[in-house]
Amino acid sequence: MNMVKRALAAGAVLMLGAGPAMAGWSDINLRVGITPLSREIYWLHMLILWICVVIAVAVFSVMIYSIVTFRKSKGAVPATFEHSTTAEVVWTLIPALILVAMAIPAARTLVRIDDTRGSSLTIKATGYQWKWQYEYVGEGVSFFSSLARESDAARQLDSGVDPGSVQNYLLDVDHPLVVPQGVKVRVLITSADVIHAWWVPDFAIKKDAIPGYINEMWFLAEKPGTYRGQCVELCGRDHGFMPVVVEVKPRAEFDAWLETQKAAMQASNAPAARVAQVRPTDQRAALRLVDAE
Ligand SMILES: [Cu+2]
């Protein structure tokens with residue numbers, strides 16, 4: 001018994017000692033996030049966790065009590081019965097009822113996750129090896145979002161740069177996705193090469209980007225700020241170097257940003273129009289080549 005007491009005391013000392021070095025409890029747990037879905041998923045997670053805790057405490061209490069109290073050295077005599085229909089019905093029914101009770105809120109949340117109706121903005125996110133492309137559907141705005149230059153320089157072999165000195169190392173991009181605050185945004189996710197996955201922990205949503213398929217998800221960011229995530233599908237050599245960064249801006253600020261982007265897109269498309277005008281000449285040149293053959 002002394003050994004057990006000593007082991008327990010040592011464990012307690014270790015746990016207390018580790019306390020200050022450990023991250024806060026909120027860092028260990030699933031994060032609450034900043035969308036209605038992320039909050040709902042968090043509460044569902046906590047509900048299931050506490051149900052599991054109650055079950056664990058009940059089962060282990062009975063088990064440990066039985067092992068200690070009815071041990072052979074205390075002269076316990078085993079019972080001789082072999083079968084109890086009542087016990088079997090009870091230990092089948094109770095877990096089944098608990099599972100059904102847990103399935104009801106879980107199913108409700110799952111349905112809500114997939115309900116993309118009523119969104120005000122649609123963004124198409126396409127995964128590439130190894131970057132993301134964002135297209136504001138119907139707005140004529142699209143751009144690529146690649147790993148930020150500082151992270152990219154630090155990640156090179158023998159770069160001489162300490163990754164620890166780079167802010168948001170491997171979690172920063174050149175052009176973040178910008179979305180309005182308080183607006184239901186629908187995201188269409190696909191890929192141009194291999195399977196990627198789009199994930200921002202604060203939005204709670206993670207979806208695969210599969211070539212040839214379009215997956216759907218939605219979020220409604222309630223707090224302005226910058227939220228970071230990563231590609232979460234092993235997608236090749238540079239899988240770790242295609243982060244997701246989302247900037248949530250207040251509505252008016254977002255609208256102004258979108259207008260600027262539209263103007264910039266139109267300006268950059270102008271030279272493309274001039275190139276298009278050259279094309280008939282190219283065609284004639286090509287025809288001449290064909291004739292010459
Ligand atoms: Cu990827």
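**Helices, sheets and core in a predicted model**

Q: Which residues of H4 do Leu37, Glu40, Ile41, Leu44, Leu47, Ile48 and Ile51 in H3 meet?
A: Let's start where two helices touch in this predicted model. Leu37, Glu40, Ile41, Leu44, Leu47, Ile48 and Ile51 supply the H3 side of the contact. Their counterparts in H4 are Ile98, Met102, Pro105, Ala106, Thr109, Arg112 and Ile113.

Q: Are H3 and H4 roughly parallel or antiparallel to each other?
A: The axes of H3 (residues 36–69) and H4 come within 10 Å, and they cross at roughly 170 degrees. An angle over 145 degrees counts as roughly antiparallel. The two helices are therefore roughly antiparallel.

Q: What span from first C-alpha to last is expected for H4 at 1.5 Å a residue?
A: H4 covers residues 85–114, which makes 30 residues. From its first C-alpha to its last it reaches 43 Å. That is close to the expected value, 44 Å.

Q: How many of the 30 residues of H4 are buried?
A: A residue needs 20 or more other C-beta atoms within 10 Å of its own to be buried. For the protein as a whole, buried residues make up 18% of the 293 residues. H4 lies largely in the open, because its number of buried residues is zero.

Q: What is the strand order of the open sheet that has S4 and S7 as its edge strands?
A: The protein has six helices and 10 strands, and five of the strands form this open sheet with mixed pairing. Strand S4 (177–180) and strand S7 (205–209) each pair on one side only. Neighbouring strands here are turned by 25 degrees against each other on average, direction ignored. The order is S4-S10-S9-S6-S7.

Q: Do S4 and S10 run parallel or antiparallel?
A: Strand S10 spans residues 244–249, and four bridges join S4 to it. One bridge partnership to look for is Val179 with Val248 in S10. The two strands run parallel.

Q: Which residue in S10 stands opposite Tyr227?
A: S9 is joined to S10 by five bridges, and the two run antiparallel. S9 (residues 225–231) also runs antiparallel to S6 (residues 196–200), with two bridges between them; there, Trp198 has Cys231 as its bridge partner. Back at S10, the residue opposite Tyr227 is Val246.

Q: Which strand gives the most to the largest nonpolar core?
A: Nonpolar side chains tend to be buried together in soluble globular proteins. Here the largest nonpolar core has 37 residues, and those with the most contacts inside it are Ile123, Ala125, Leu177, Val179, Val187 and Val246. With four residues, the element that gives the most is S10.

Q: Which residues does Val187 touch, not counting those up to four places away in sequence?
A: Val187 is among the residues with the most contacts inside the largest nonpolar core. Contacts across long stretches of sequence are a feature of this protein: residues 24 or more positions apart account for 69% of the contacts with a separation of 6 or more. Val187 touches Ile123, Ala125, Met217 and Trp218.

Q: Which residue in S3 stands opposite Trp132?
A: Another open sheet of five strands has the order S3-S2-S1-S5-S8, with mixed pairing. Its edge strands are S3 (141–145) and S8 (215–220). S2 (residues 131–136) pairs with S3 in the antiparallel sense over five bridges. Opposite Trp132 in S3 stands Ser145.

Technical notes: Residues are numbered from 1 along each chain as its sequence is written. This is a predicted model: local features need pLDDT of at least 70, side-chain atom pairs count only at pLDDT 80 or more; totals for chains, interfaces and linings use all residues. A residue is buried if 20 or more other C-beta atoms lie within 10 Å of its own, exposed if 12 or fewer, and partly exposed in between; C-beta atoms are placed from the backbone. Two residues are in contact if their C-beta atoms, placed from the backbone, lie within 7 Å. Two strands pair if DSSP finds at least two bridges between them. Axes are lines fitted to C-alpha atoms, for helices over the stretch in contact, and angles run from 0 to 180 degrees between N-to-C directions. The expected span of a helix is 1.5 Å times one less than its number of residues. A nonpolar core is a set of buried Ala, Val, Leu, Ile, Met, Phe, Trp, Tyr and Cys residues joined through C-beta atoms within 7 Å. Angles under 35 degrees count as roughly parallel, over 145 as roughly antiparallel, 65 to 115 as roughly perpendicular and the rest as oblique.
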